[in-house]
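Subject: Structure handover

Hello,

Here is the structure I promised to pass on. Please open it first, then read my notes below with the view beside you.

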Amino acid sequence: DLGEYRHFMLKEIFEQPQSVVGTLENRLGSDHVLPALVGAADALERLAQVDEIQIIACGTSYHAGLVGRYWIEANTDIPCNVEVASEYRYRRQPPRKNMLLVTISQSGETADTLAALEKIKESQGCLATLTICNVAESSLTRESDMSLMTMAGPEIGVASTKAFTTQLVALQLLMVLLMQAKGGDKAKIAQIVADLRKLPALIEQALDLHPKIEALAEHFIEKNHALFLGRGEMYPIAMEGALKLKEISYIHAEAYPAGELKHGPLALVDSEMPIVTVAPNTALLEKLKSNLEEVRSRGGELYVFADRDAHIIAADNLHVLEMPHVPELLAPIVYTIPLQLLSYHVAVLKGTDVDKPRNLAKSVTVE
Ligand code: F6R
């Protein structure tokens, strides 16, 4: 049922505060996360032994995994790798004893992700397998030792929206659980838990930008290409923004870590190339601002989603949309919202089939 919404994608974008509430519900204690959330009585004992993590996923779920790596490596001493399942499954991996294999999937049925999991179980093995998944009775939950369910509810639009943001929430819960298992800093854990409780309200504030983003979408409909920039954990968010734009509006979009600009893509920049940037007030902000200047001085048209304290001032060729002030760990989740809305409105203006983009299926059960 679409209710007041024109498309499922828009409905699902606006459902995100509720799907985040659902994913946090009954999982947070006063100053910690509840180990039962991964569905194993001995979760903390198992996770205490982990000395390496491998994340496997496809598409949007892969982007969630990339953010997860930044978070896990910033807050624990556990090295974390992330790879798309279709690559991982066809190459040799050296044996690793105490590895936790984490799959991420909305459907729990993606053929490559499932095959990568099976391959690991049959060949070298690993300490344990855990899936972050949105469907309780799926192949991935059946085949994994532990399951951390996202509570996004059914997602109808082919382009993943609420599934992605709840995957990010699940990755933060897993990160905190790993911190607890490894005896991490209690005050830091309590702070992350307190911040997570603020997330639904922050997403609501980002959704309030809706009319402004709708107006912005006009600028993109005649363009053939777009560039998305981010740094640090915002780089995978730029990748996700670019994927959303290409899959539903059919505009070619690419994401780059902003520091890579001068190693090639700067050659593409002219007045026909819109450049979308996500700029929360994080440690890398000053570096990002100098990357923006590189683009602007070459005539590029910039669209920046920025924290008010980032002090990025609108000017010719520089459009600034002010975002709510967010704790650093929540920035990737909150900044995803305007990028979803942007791709949605560009697609609507172009008249594409938003909920069922050409050539794509919701669940990819064949290789
Ligand atoms: C993009 C999108 C796809 C899926 C990918 C993995 O919006 O939805 O890229 O993320 O096909 O699907 P799941 O998460 O079901 O394994």
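One thing to keep in mind: this is a predicted model. I have sorted my notes by site.

**The largest pocket**

Start here. The largest pocket has a volume of about 590 Å³. Its lining is made up of 27 residues. To find the centre, select C58, G59, T60, K362 and V364, which lie nearest to it. Four elements each give two or more residues to this lining. They are α4 (59-75), β3 (99-105), α6 (111-122) and α11 (235-249).

What is the lining like by class? It divides into 12 polar, nine nonpolar and six charged residues.

**The ligand**

Where does the ligand sit? It is in the largest pocket. Two elements, α4 and α11, give two or more residues to the shell around the ligand. The largest share comes from α4, with three residues.

In total, 13 residues surround the ligand. The closest are S61, S105, Q106, T110 and E247. Sorted by class, the shell has eight polar, three nonpolar and two charged residues.

Now zoom in on the polar contacts. Three to look up, each with an oxygen atom of the ligand on one side:

- S105: an N or O atom in its side chain is 2.6 Å from a ligand oxygen.
- Q106: here the partner is a polar backbone atom, 2.7 Å from a ligand oxygen.
- K244: an N or O atom in its side chain is 3.0 Å from a ligand oxygen.

How much of the ligand does the protein cover? On its own, the ligand has 410 Å² of accessible area, and the protein covers 89% of that.

**The cavity**

Next, move to the cavity. A search of the whole structure finds one cavity of 30 Å³ or more. The largest cavity has a volume of about 40 Å³.

Which residues line it? Select R231, M234, V278, A279, P280, T282, L284, L285 and L288. Both β8 (274-279) and α12 (285-296) supply at least two residues of this lining. By class, the cavity lining has seven nonpolar residues, one polar and one charged.

**Where to begin**

I would colour α4 before anything else. It gives residues to the lining of the largest pocket, and it also gives three to the shell around the ligand. Then show S105, whose side chain has an N or O atom 2.6 Å from an oxygen of the ligand. Finish with the cavity and the residues that line it, such as R231 and T282.

Best wishes

How values were computed. Residues are numbered from 1 along each chain as its sequence is written. This is a predicted model: local features need pLDDT of at least 70, side-chain atom pairs count only at pLDDT 80 or more; totals for chains, interfaces and linings use all residues. Side-chain values use heavy atoms; hydrogens and water are left out. On a 1 Å grid over the protein atoms alone, a cavity is a set of points where a 1.4 Å probe fits but cannot get out, and a pocket is an open set with protein on both sides within 12 Å along at least five of seven lines; lining residues have an atom within 4 Å of a point. Grid points are joined across faces, edges and corners, and a volume is the space filled by probe spheres set on the points. Ala, Val, Leu, Ile, Met, Phe, Trp, Tyr, Cys and Pro count as nonpolar, Asp, Glu, Lys and Arg as charged, and the others, Gly among them, as polar. A residue is near a molecule or strand if one of its heavy atoms lies within 4 Å of it. A polar contact is a pair of N or O atoms within 3.5 Å; within protein, one must be able to donate a hydrogen and the other to accept it, and residues adjacent in sequence count only if both atoms are side-chain atoms. Accessible areas come from the Shrake-Rupley method with a 1.4 Å probe; for residues, only the protein chains shown count as cover. A molecule sits in a cavity or pocket if more than half of its atoms lie within 2 Å of its grid points.
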